[in-house]
Amino acid sequence: MTGLKPSKSQSGTLPFYLTGAETSSTPLIRGRLSRLFTPASDILERHNYPDAVGELCAESMALTSCLATTLKFDGVFTLQAKGDGAVRTLFSDVTSEGFVRCYAAFDDEAVAHSKPSEPAVLPRLMGGGYMAFTVDQSDNGQRYQGIVELDGPHLSDAAQAWFRNSEQMATKLISVAQKKEKGWVSSALFLQQIASKGGNRSDAAELEDAWHTALVLMSSIKRTEMLDEYLPAPDLLYRLFHSQALHIQETRPIIDKCRCSNDKVYSMLKSLNEEQLRELADEDQKLVVNCEFCKRSRFHGLDDILKAY
């Protein structure tokens, strides 16, 4: 049969590890490949950001989705960057179920003079600032946070610095994004050494050799491959790492889903006092709450909220 169009790849994060040789069952390097197609496109279509901002957002969602799967948690993983440039805030988060969302705050006039690059150059858009990575555990209410400077040309540079400071393990990240004819797509590739349990010189040498080889292979990946929705993620990883005894695990889906709800909005409004509510109400005595993530608007009558006191 001819003329069959290949099916599109699903958005998600694919965990994998490398043992270095088929004769070995010991993981030497762990990795993640995240690719966002429909979620990135749908989310950024709702926001209608300038392309320079959209590129940062798309890249941050892929990076957040990738990094979240390197941690064990039940809750929300957040990437938040604050800068003093044209883009003041960049925010992406993903739940342990794979629900992703994103938004950015920026100076319209300053951004109007910026054009998207390949990939986005961080200092040009955000200037100086910091990036925070936060894990909020829903089961025990605990929060863990790491903060690094926006040091380097790309978002992945700050993320690498975070891993270097927090885990002190050799880590390499590549993140890319592009606006195509049908919308935004983004991808992130992650590699990290796994600490040797043996602690002897031969184990360390084997790990270093495998790490060096993996980095060389990783550097050969093309942007077009990472962003190709018709190239399955397992096939892409096999192209890169089949000589390093690639072991692929189960894909973790990434879904465009906001966590806002009527109940959350209602509870927030009830937490305000009467003076605050009257200041927020419009001329029709309606309280309008807009979600910065999904852009949905919810309407409540002022009298209905006041009666709930």
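**Exercises: helix 5, helix 8 and a cavity**

In helix 5, the buried residues (under 20% relative accessible area, 1.4 Å probe, protein chains only) are Leu155, Ser156, Ala158, Ala159, Gln160, Ala161, Trp162 and Phe163. This is a predicted model, where local features need pLDDT of at least 70, side-chain atom pairs count only at pLDDT 80 or more, and totals for chains, interfaces and linings use all residues. Residues are numbered from 1 along each chain as its sequence is written, and side-chain values use heavy atoms, leaving out hydrogens and water.

**Exercise 1.** Work out how the reach of helix 5 sits against the expected span.

- Start with the run: helix 5 (a DSSP run of H or I, at least four residues) covers 155-166, which is 12 residues.
- Now the rule: expected span is 1.5 Å times one less than the number of residues.
- Compare: first C-alpha to last is 17 Å, close to the expected 16 Å.
- Step past the end: Gln168, just after helix 5, has a positive phi of about 55°.

**Exercise 2.** Find the buried residues of helix 8 and say why they share a side.

- Pick them out: Ala233, Leu236, Leu237, Leu240 and Phe241 are buried in helix 8 (233-241).
- They're on the same side because they cover an arc of only 105° around the axis, taken from the directions from the helix axis to the C-beta atoms.

**Exercise 3.** Sort the lining of the largest cavity by class.

- Six lining residues are nonpolar (Ala, Val, Leu, Ile, Met, Phe, Trp, Tyr, Cys, Pro), and four are charged (Asp, Glu, Lys, Arg).
- None is polar (the others, Gly among them).

Technical notes: Buried means under 20% relative accessible area, exposed over 50%, partly exposed in between (1.4 Å probe, protein chains only). Helices (H or I, at least four residues) and strands (E, at least two) are DSSP runs, numbered from the N terminus.
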